[in-house]
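Please read the following report with the sequence and the 3D view side by side, and look up each residue as its name comes up.

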Amino acid sequence: MQGRLFIISGCSGVGKGTLLKLFLEKNPAVKLSISATTRTPRPGETDGVNYFFISREEFKKAVENDEFLEWAEFSGNFYGTKKSFVEKTLAKGIDLILEIDVQGANQVKSKMPDAKTIFIMPPNVKVLEERLRGRHTEDEETILKRLKEAAREIEAGNNFDYKIVNDKLESALNTLQQIFDRK
Ligand code: ADP
Ligand code: 5GP
């Protein structure tokens, strides 16, 4: 049987990475797709673990060769999901999560309507800003760019199959688990 595909999106700093790390510890059979990106690694990020960090030229070549299931420009950088990895993983019967932006989520949903889309909401915009700043991984210009995207992303999140408010981490994690446990 084919694996199931889940797409998780949400504003930068909302807590997607934090939630997914905990979720995957509890659900080791589920896989998280590793995207390709042209952005520079943050301190502590490793090539091939967090992302495949590639040049703009390499990214362009992969687009021309039709290697991506979806790709998008987000806040000045390119991000994409490799088609072959998704196809192979699902064919092995493994459930797969894509953690991608709302533009990419819409592209995948239109190609693969069975995919379940989940949007992670912040409790409010002030908390989102505090989390993004509190992470201390971006400079001021990048933070402002990402906060500017937030309203558009939250609007786009209205089309998703599920919405989870990441207020208390434990409760958001439980809701995510319930969505996965629905067969
Ligand atoms: P994203 O992957 O969506 O960009 P992160 O997972 O990096 O976001 O989280 C951004 C920051 O918010 C991190 O410092 C993280 O520890 C913190 N955070 C995540 N979820 C919560 C939560 N429910 N309550 C408080 N802080 C949180
Ligand atoms: P970050 O730079 O914070 O790691 O990611 C920025 C945004 O890009 C996040 O919304 C994240 O979900 C999204 N993203 C990560 N990988 C991909 C991808 O492969 N495709 C798309 N469309 N978005 C991605």
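In which helix does Ala 151 lie? Ala 151 belongs to helix H6, which spans residues 140–156. Before going further, keep in mind that the model is predicted, and that every value below was computed from its atoms.

**Three residues in helices**

Is Ala 151 buried or exposed? With a relative accessible area of 56%, Ala 151 is exposed, because a residue counts as exposed when that value is over 50%. Although Ala 151 and Cys 11 are 140 residues apart along the chain, their C-alpha atoms are separated by 8.7 Å.

Leu 19, a residue of helix H1, has a relative accessible area of 1% and is therefore buried, the limit for that class being under 20%. From the C-alpha of Leu 19 to the C-alpha of Pro 123 the distance is 15 Å, and 104 residues separate the two in sequence.

Gly 17 is also found in helix H1. Its relative accessibility of 44% makes Gly 17 partly exposed, since this class holds the values between the limits for buried and exposed. Gly 17 and Asp 167 are 150 residues apart in sequence, while their C-alpha atoms are 14 Å apart in space. As background for reading any such element, an α-helix has 3.6 residues a turn, so residues three or four places apart point the same way.

**The surroundings of ligand 1**

Gly 17 appears again when we turn to ligand 1, which is surrounded by 13 residues, the closest being Gly 13, Lys 16, Gly 17, Thr 18 and Arg 135. Helix H1, made of residues 16–26, gives the largest share of this shell, namely three residues. Sorted by class, the shell around ligand 1 holds three nonpolar, six polar and four charged residues.

Some of the polar contacts of ligand 1 involve the backbone: a backbone N or O atom of Gly 17 lies 2.9 Å from an oxygen atom of ligand 1, and a polar backbone atom of Val 14 is 3.4 Å from an oxygen atom of the ligand. In the case of Asn 166, an N or O atom of the side chain is 2.9 Å from a nitrogen atom of ligand 1. On its own ligand 1 has 570 Å² of accessible area, of which the protein covers 72%. Ligand 1 sits in the largest pocket.

**The surroundings of ligand 2**

Which pocket holds ligand 2? Ligand 2 sits in the largest pocket. Two elements, strand E5 (68–74) and strand E6 (77–82), give two or more residues each to the shell around ligand 2. There are 16 residues around ligand 2, and those that come nearest are Ser 35, Arg 39, Tyr 51, Tyr 79 and Glu 99. By class, this shell is made up of five nonpolar, four polar and seven charged residues.

The table lists polar contacts between side chains and ligand 2.

| Side chain | Atom of ligand 2 | Distance |
|---|---|---|
| Arg 42 | oxygen | 2.7 Å |
| Glu 99 | oxygen | 2.5 Å |
| Asp 101 | nitrogen | 2.7 Å |

Taken on its own, ligand 2 has an accessible area of 510 Å², and the protein covers 95% of this area.

**Loops and a helix end**

What is the sign of phi at Ser 75, a residue other than glycine? Phi of Ser 75 is positive, near 50 degrees. Ser 75 is placed in the loop between E5 and E6, the two strands already met around ligand 2. With a relative accessible area of 11%, Ser 75 is buried, because this value is under 20%.

Asp 66, another residue other than glycine, likewise has a positive phi, near 60 degrees. The loop in which Asp 66 lies runs between helix H2 (56–64) and E5.

Helix H5, which covers residues 125–134, is capped at its N-terminal end by Asn 124, where a side-chain oxygen lies 3.1 Å from the backbone nitrogen of Lys 126. After H5 comes His 136, whose phi is positive and near 55 degrees.

How values were computed. Residues numbered from 1 in each chain as written. Chains lettered and ligands numbered in written order. Predicted model: local features only at pLDDT ≥ 70, side-chain atom pairs only at ≥ 80, totals over all residues. Heavy atoms only, no water. Near = heavy atom within 4 Å. Polar contact = N/O pair within 3.5 Å; in protein donor to acceptor, adjacent residues only side chain to side chain. Areas by Shrake-Rupley, 256 points an atom, 1.4 Å probe, with all protein chains shown as cover. 1 Å grid on protein atoms, 1.4 Å probe; cavity = no way out; pocket = protein on both sides within 12 Å on 5 of 7 lines; lining within 4 Å. Sits in = over half its atoms within 2 Å of the grid points. Helix = DSSP H or I, 4+ residues; strand = E, 2+ residues; numbered from the N terminus. Nonpolar A, V, L, I, M, F, W, Y, C, P; charged D, E, K, R; others polar. Buried < 20%, exposed > 50% of the residue type's maximum accessible area, 1.4 Å probe, protein only.
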